[in-house]
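Biologist: I'd like to go through this one with you, one question at a time. Please show me the chain before we start.

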Amino acid sequence: MSTLRNKVQLIGNVGNEPEITNLESGKKVAKFSIATNESYKDSKGEKVTNTQWHNIVAWGKIAEIVEKYVGKGKEVALEGKLTSRSYETKAGEKRYVTEVVVDEILLLGIKGDNATE
């Protein structure tokens with residue numbers, strides 16, 4: 001581990017239809033969320049599922065792939081880096097957002113599913 005990097009790998013289900021924006025530069029950006037689930041048994045032996053939501057941002061060619069093949073409910077594997085930013089709302093409140101900026105995406109699912117064609 002001589003060089004540590006900012007690297008995230010997630011497998012999850014898309015929570016909403018991706019929001020695609022065409023920028024003036026001609027570049028595309030896709031924004032969507034995915035849910036990852038972790039299950040365990042509690043002290044009573046009952047299964048408990050913990051769901052985490054992640055904000056995802058994809059640029060350029062990856063955004064084009066997302067636009068064509070990724071939709072709500074689709075299972076995806078992705079790799080990227082964590083980024084944090086802040087912004088101010090119209091009411092003047094400061095908000096902080098952590099996002100995963102995608103470097104690679106893999107469309108998962110059953111054969112015959114639109115996501116894998």
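Biologist: At 40% relative accessibility, what does glutamate 93 count as?

Modeller: Buried means under 20% relative accessible area and exposed means over 50%, with partly exposed in between (1.4 Å probe, protein chains only). Glutamate 93 comes in at 40%, so the label is partly exposed.

Biologist: Before we go on, what average pLDDT does the chain have?

Modeller: This is a predicted model, where local features need pLDDT of at least 70, side-chain atom pairs count only at pLDDT 80 or more, and totals for chains, interfaces and linings use all residues. Residues are numbered from 1 along each chain as its sequence is written, and side-chain values use heavy atoms, leaving out hydrogens and water. pLDDT is the predictor's confidence in each residue, from 0 to 100. Here 91% of the residues score at least 70, and the chain average is 90.

Biologist: And where does pLDDT stay under 50?

Modeller: Where pLDDT is low, the predicted coordinates should not be read in detail. That applies to a stretch with 14 contacts (heavy atoms within 4.5 Å) beyond four places in sequence. The stretch is residues 111–117.

Biologist: Back to glutamate 93: which side chain does it meet in a salt bridge?

Modeller: A salt bridge needs a side-chain nitrogen of Lys or Arg within 4 Å of a carboxyl oxygen of Asp or Glu. The N to O distance for this pair is 2.8 Å. The partner is partly exposed at 37% relative accessibility. It's arginine 95.

Biologist: How many salt bridges turn up in the whole structure?

Modeller: The pair of glutamate 93 and arginine 95 is one of them, and arginine 85 with glutamate 99 is another. The search of the whole structure gives a total of 4.

Biologist: What sort of layout do the elements follow from the N terminus on?

Modeller: Helices (H or I, at least four residues) and strands (E, at least two) are DSSP runs, numbered from the N terminus. The chain has 1 helix and 6 strands. In order, they run β-β-β-β-α-β-β.

Biologist: So which strands does the bridge between arginine 85 and glutamate 99 link?

Modeller: Those two side chains meet at 2.9 Å, N to O. The residues are 14 apart and sit in distant parts of the chain. Arginine 85 is partly exposed at 38% relative accessibility, whereas glutamate 99 is buried at 10%. The strands are β5 for arginine 85 and β6 (residues 94–107) for glutamate 99.

Biologist: Lysine 7 and glutamate 79 also form a bridge; how many residues apart in sequence are the parts tied together?

Modeller: Their side chains meet at 3.9 Å, N to O. Lysine 7 lies in the segment before β1 (8–14) and glutamate 79 in strand β5 (residues 75–88), so the bridge ties together parts separated by 72 residues.

Biologist: And which relative accessible area makes glutamate 79 count as buried?

Modeller: Its partner, lysine 7, is partly exposed at 43%. Glutamate 79, by contrast, is buried, with a value of 19%.

Biologist: Let's go to strand β3: what is the relative accessible area of alanine 30?

Modeller: Alanine 30 lies in β3, which spans residues 28–41. Leaving out residues up to four places away in sequence, alanine 30 touches Glu19, Ile20, Ile56, Val57, Ala58, Ala63 and Val66. Alanine 30 is buried, at 0%.

Biologist: How far is alanine 30 from alanine 63, C-alpha to C-alpha?

Modeller: Along the chain they are 33 residues apart. In space, their C-alpha atoms are separated by 5.0 Å.

Biologist: Val57 was on that list; at what relative accessibility does valine 57 count as buried?

Modeller: Valine 57 is in strand β4 (residues 47–59). Beyond four places in sequence, valine 57 touches residues including Ala30, Glu99 and Val101. Its relative accessibility is 5%.

Biologist: Last one: is serine 84 buried or exposed?

Modeller: Serine 84 is placed in strand β5. Its contacts, not counting residues up to four places away in sequence, are Val97 and Thr98. At 60% relative accessibility, serine 84 counts as exposed.
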